[in-house]
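Dear colleague,

I am passing on to you the structure we spoke about, with some notes on what turned up in it. Please have the sequence and the view open while you read.

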Amino acid sequence: MSPGTRIIEVRQNVLKQNDLVARALRQRFQDAGVFVVSMVSSPGSGKTTLLEKTLTLLQPEFRVAAIVGDLATENDAARLARSHARVKQITTGTLCHLEAVMVQSALEGWRLNELDFLFIENVGNLVCPSSYDLGERMRLVLMSVTEGEDKPLKYPTIFNSADVAVITKMDLAAAAEFDGAAAHRNILAVRPGMAILELSAKSGLGMKAYLDFLRSRRPASA
Amino acid sequence: MHELSIAINIVEIAEEEAQRRGGLHVTAVHLRLGLLAGVVKDALLSSYGVACEDTPLRGSRLVVEEVPGIVYCPTCAAGRPVRSSEWFCCSECGSIASEIVQGKELEVVSLEVEE
């Protein structure tokens with residue numbers, strides 16, 4: 001430090017602003033009685049396919065909507081529109097993750113109390129989204145059987161920040177020589193006690209258990 | 001690569017603080033960065049320069065103090081350093097230990113300002 005300079009104390013969490021917005025969102029969601037579930041995974045794990053099926057299958061029973069984040073294109077929103085649920089796309093440009101303030105602006109004009117479930121699909125990325133609280137009640141981390149059983153060990157921070165692990169594309173498990181026991185072991189290594197679901201949105205395998213799980217986690221009052 | 005977003009946040013925090021104190025000239029920002037915060041130091045340092053462009057902090061330095069990761073080992077019943085950010089295991093006995101005690105820090109600690 002050169003003469004003439006002095007130090008002033010700040011002590012502020014860099015993500016404080018995001019955390020404050022996320023906290024306010026969480027309160028709003030709770031007050032409105034909407035159960036908010038976010039999804040994170042690497043690109044190509046099947047978030048959009050699972051989300052499309054989720055919206056379609058929950059709709060007869062619940063009022064559902066989704067916010068999807070993507071770097072470019074509105075393709076995901078177009079795919080999800082087929083479910084006839086309310087969908088809003090956030091195009092993040094070069095940003096590799098969603099932040100709470102983006103969710104906040106995407107919700108402008110929405111009446112949250114008219115919803116039972118709101119899904120937030122994050123940008124396909126297993127690194128950056130882990131630092132950003134979006135105000136969700138439950139975070140799902142997806143990994144597909146083709147990605148390798150050691151994924152949780154390679155990206156422990158994101159698995160550690162999630163509440164539930166969902167193994168997708170189970171219809172390809174045999175072809176990919178997927179070792180389920182190893183995958184479970186690795187998930188539990190980075191997050192002991194984590195709930196693990198296995199499914200295929202394409203074949204329908206495990207979808208009932210997954211939907212029951214979502215129903216059971218949504219508080220009756222919400 | 002969310003380091004640029006983080007760098008922009010850091011610059012904003014420093015700028016606000018400097019302004020709040022009557023428009024001080026900031027020459028350096030001191031940051032505590034945990035090993036398990038999910039932020040790469042080198043990427044953050046290079047992003048910082050970009051984030052400072054066109055702000056009063058242009059030309060300032062980012063000084064990073066790295067904070068080691070510590071997890072609670074249920075076998076040893078003690079806090080233990082992690083071997084790496086990719087392996088949440090006790091460095092003494094190898095047990096799986098996923099409860100993070102330290103290492104998520106991402107905090108602007110102080111500013112160096114010119115008198």
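Please bear in mind throughout that this is a predicted model. To begin with a single element, which residues of helix α7 (residues 180-190) of chain A are buried? They are A:A183, A:N186, A:I187, A:A189 and A:V190. Seen down the axis of α7(A), these buried residues fall within an arc of 155°, so they line one face of the helix. Within chain A, the buried residues of α7(A) pack against α5 (151-154), α6 (156-161), β7 (164-168) and β8 (195-198), and they also pack against β5 (87-90) of chain B.

Turning to the contact between the chains, 30 residues of chain A and 26 residues of chain B take part in it. On the side of chain B that touches chain A, α1 (3-20) and β7 each supply at least two residues, and the largest share, 9 residues, comes from β7(B). By kind, the residues of that side of chain B comprise 12 nonpolar, 7 polar and 7 charged.

Strand β7(B) (residues 106-114) also deserves a look for its pairing. With strand β1 (residues 5-13) of chain A, β7(B) pairs in the antiparallel sense over 7 bridges, and there A:N13 stands opposite B:E107. Within chain B, strand β1 (residues 25-34) likewise pairs with β7(B) in the antiparallel sense, over 8 bridges, where B:V108 is the bridge partner of B:L31.

With best regards

Definitions and conventions. Residues are numbered from 1 along each chain as its sequence is written. Chains are lettered from A and ligands numbered from 1 in the order in which they are written. This is a predicted model: local features need pLDDT of at least 70, side-chain atom pairs count only at pLDDT 80 or more; totals for chains, interfaces and linings use all residues. Two strands pair if DSSP finds at least two bridges between them. Helices (H or I, at least four residues) and strands (E, at least two) are DSSP runs, numbered from the N terminus. A residue is buried if 20 or more other C-beta atoms lie within 10 Å of its own, exposed if 12 or fewer, and partly exposed in between; C-beta atoms are placed from the backbone. The arc is that of the directions from the helix axis to the C-beta atoms. Two residues are in contact if their C-beta atoms, placed from the backbone, lie within 7 Å. Ala, Val, Leu, Ile, Met, Phe, Trp, Tyr, Cys and Pro count as nonpolar, Asp, Glu, Lys and Arg as charged, and the others, Gly among them, as polar.
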